[in-house]
Amino acid sequence: MAGQVFVLQVVIVLLLVVSAVLALVLQVRHDSTMEARNRSLAVAQTFADAPGTAAALRLPDPTAVLQPRAEAARKSTGVDFIVVMNTDGIRYTHPKPDRIGKKFVGNIGPALAGGTVTEEVQGTIGELVQAVVPVRDADGAVVGLVSAGITTAHVGGRADQQLPLLLTAAAAALALATAGTALVSRRLLRQTHGLGPDEMTRMYEHHDAVLHSVREGVLIVDGDGRLMLANDEAQRLLDLPQDAERRRVLDLGLDPETAALIASGRIATDEVHLVKDRLLAVNQRAIEVRGGPPGSVTTLRDSTELRALSGRAEVTRERLNMLYDAGVGIGTSLDVTRTAEELAELAVPRFADFATIDLYDAVLKGEEPKPGDALRRVACTGIRKDAPLYPVGERFQFVPSSPQGRSLETGESVVEPRLREAPGWRAQDLELTQRILDFGIHSLITVPLRAGNLVLGLANFCRSEKLAPFDAEELALAEELVARAAVSIDNARRYTREHSMAVTLQRSLLPRSLPAQGALDIAYRYLPAQSGVGGDWFDVLPLSGARVALVVGDVVGHGLHAAATMGRLRTAVHNFAALDLQPDELLGLLDELVGRIDQDETPADTMATITGATCLYAIYDPVTRRCTVARAGHPPPALARPDGGVEFPEVPAGPPLGVGGLPFETAELDLPEGSRLVLYTDGLVEDRQRDIDEGLELLAGALESAAGASPDETCAAVLERLPARPSDDVALIVARTRALGADRVAQWQVPADPAAVSEVRSRVTRQLARWDLDELSFTTELILSELVTNAIRHGRAPIGVRLLHDRTLICEVSDASTTSPHLRYAASTDEGGRGLFLVAQLSERWGTRYTPAGKVIWAEQPLP
């Protein structure tokens, strides 16, 4: 009440102060306006009547005379502007020179008629009062106008002097009101012990609301053992009568032990008492220790309900843990089957006693499933191994009336709390379902594995030892678990599809079998990396003259692009090798090709470039037992000699393919017969755990331990030292050299004389007889006759002939000319032009290769 009185007094004082200030402001504003009118009019009239003003208006340049006078008058009189203008309102003077010559803004009509104008306007400098008066000549005619103006803010008033007195009076009034209110409040607080009516009412309301709304029983007992207060929860827990208050606790019909505790008033902490069918936790404290009246306060908690709530909280926590474990434990690998197994293993035994995962066969292949196809069981986990369920790998279809069939048809989850009461489920297989029921499985949840609009399969959860059937909450949990697993399974399916495509592409691009040749005994291995298909590749290319080319390469990266790039490089090597180029020349052409491909595949094409591809190209000649090697950013070859020694020959390391700028160099190696030449990619000798030097030492050790072994055994010995799934692709070729003995090689020098052709035929016939190849004498004579004749006519000396008895009979004619022969069809009237045509018809293969000394034309014939 005192506060309300104080507020009323403050409001009255404030109203009085506001009224006085408002009146003062209005009075000052009126006085300021009047003062501004009078001053502006007086200044304008004085300047208009000043000597020389009318005469200056008749001058050619009034501004030159009037502007200084106007500015001096303005400063001396304290007005804001003095403007002199002609009768059209064009200014001759102004405080701002840039406005001279512009039209005056204001009412000049009365002034032109001989009167005066005083008006209030809102100018650019604020609210102002301006006056306009005429300028008359000696005849009384109006020859110009003068306007003077002043802002009302510049006209002083007495408000500032009167306002402090007014505020002092208001402060004194507020101080008197505060003092009076404080005296009244002090007396009231002394009478109410510091509590006001609102506080007392609010305290009682809160006290009553808390007592009757808490889920804890509260009893207040006085010193005589009488019940003074019992809230609603206490009455419910103890089943008290309606008239329990004011009665003795021992007379309320409670069990003797509980009644004795409450009536005694002794201290108790969480004592458990059985009251009818409830377990109550009792806490009791005395209230007189805090200065209150004698007695005690008792609180009661129903531990039965608390235990039930704790059980539900534990279940909820376990479900949250399962969902968390599903997030981190399902989908750890991009394998469809393993992901399904992770889902089944997570659900058993925490959620179900048995869990099975059934997927369409198309999903296992990475394809999109088709409705109606059979399912295949890919995972089955349970608390026992002898459950009569479909085994892993079994293919089957669910009948439409079964829960699984309905789930596949509708795409919705189905729960069967009691399988014995589900006749549609029994229709699947009467004998099998009866065995399942006899085994003890009594409840089922089936959830479709959905990924977008695709149904990938089914997840089935069964209970046998857990007596409680599945309910709606557990169905929601199962759907959440399966939804998370379905995303991982679909990701694994997509990866499987892409991986299968890449593997198929890679296998189609890698050599399926080694070509027939007699210079090298070859074995190879290819190991894909953990991350999938890569760009490592190799090839064996038979060349002319019984020679063989070995090539191994590596495209940095994995996936379809790396595999496709590898195929393009392998095809290019095949084409360039057909030209019988030297290794450095072939790598140079391959480097240019990769550079052009890189230019075509710009980043705007969203495709990775091929930069990073490496290659090693080697040509082995079994006649000379010499191997010519060149490499482009590739690891050097390893050479295991017949005596067991292992070395890494010095082969100049060129830049990777596509970099360009530097030529490639070759190295020539003399290989004894039986040497093992080992070509490999960097995945064999380098990974994240070791550098390349350590890998080369391990490779050398493996080759030394496999001294004298066959190429296939050497491959196995080398790969034993690698992990089962290397971090990078590994391509390995082991080639054991063979030599073409001198008894299988025949060669002669031929004079550049056509008569020498007959001698060549004779010598060839005798040599073929020594090799027991008389059946080839006629065709060989004819081939060599044509080739030698062409060399004599179109080539340059020296001319040589060489016969090689290998898997085929090879005839070679060399000369010092670099002109290339061309096959053509001669007309019936032509005397020549049929030689190479006959050679092509009589031989299996023929061609030309260039040497530093000229060229060699060769032809191969199959042995009889």
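Here is a friendly exchange about the cores, cavities and pocket of a predicted model.

Biologist: Glad to join you; how many helices and strands does the secondary structure come to?
Modeller: In this predicted model, local features need pLDDT of at least 70 and side-chain atom pairs count only at pLDDT 80 or more, while totals for chains, interfaces and linings use all residues. Residues are numbered from 1 along each chain as its sequence is written, and side-chain values use heavy atoms, with hydrogens and water left out. Helices (H or I, at least four residues) and strands (E, at least two) are DSSP runs numbered from the N terminus. The secondary structure comes to 22 helices and 31 strands.

Biologist: What share of the 864 residues counts as buried?
Modeller: Buried means under 20% relative accessible area, exposed over 50%, and partly exposed in between, with a 1.4 Å probe and protein chains only. Of the 864 residues, the buried share is 45%.

Biologist: Which helix gives the most to the largest nonpolar core?
Modeller: A nonpolar core is a set of buried Ala, Val, Leu, Ile, Met, Phe, Trp, Tyr and Cys residues joined through side-chain atoms within 4.5 Å. The largest one has 56 residues, and Leu343, Phe351, Ile357, Leu449 and Phe461 touch the most other members. Elements supplying at least two residues each include helix H9 (303-329), strand S14 (443-451), strand S15 (454-463) and helix H15 (472-509). With nine residues, the most comes from H15.

Biologist: And which residues are buried in helix H12?
Modeller: H12 covers residues 403-410, and just after H12, Gly411 takes a positive phi of about 75°. The buried residues of H12 pack against strand S13 (414-416), helix H13 (423-426), S14 and S15, where contact means heavy atoms within 4.5 Å. Those buried residues are Pro403, Gln404, Gly405 and Ser407.

Biologist: Which element gives the largest share of the lining of the largest cavity?
Modeller: On a 1 Å grid over the protein atoms alone, a cavity is a set of points where a 1.4 Å probe fits but cannot get out, and lining residues have an atom within 4 Å of a point. Grid points are joined across faces, edges and corners, and a volume is the space filled by probe spheres set on the points; the largest cavity holds about 210 Å³. Among its 16 lining residues, the closest to the centre are Leu389, Phe398, Gln404, Trp425 and Ile436. The largest share of the lining, three residues, comes from H14.

Biologist: What about the second largest cavity: how many nonpolar residues are in its lining?
Modeller: This cavity has a volume of about 80 Å³, and helix H18 (residues 692-705) gives four residues, the largest share of its lining. For the classes, Ala, Val, Leu, Ile, Met, Phe, Trp, Tyr, Cys and Pro count as nonpolar, Asp, Glu, Lys and Arg as charged, and the others, Gly among them, as polar. The lining has one polar residue, two charged and, for nonpolar, seven.

Biologist: Last one: which residues that line the largest pocket are the closest to its centre?
Modeller: A pocket is an open set with protein on both sides within 12 Å along at least five of seven lines; about 820 Å³ of space lies in the largest one. Its lining divides into twelve nonpolar, ten polar and ten charged residues. Of the 32 lining residues, the closest to the centre are Asp621, Arg802, Arg849, Thr851 and Val856.
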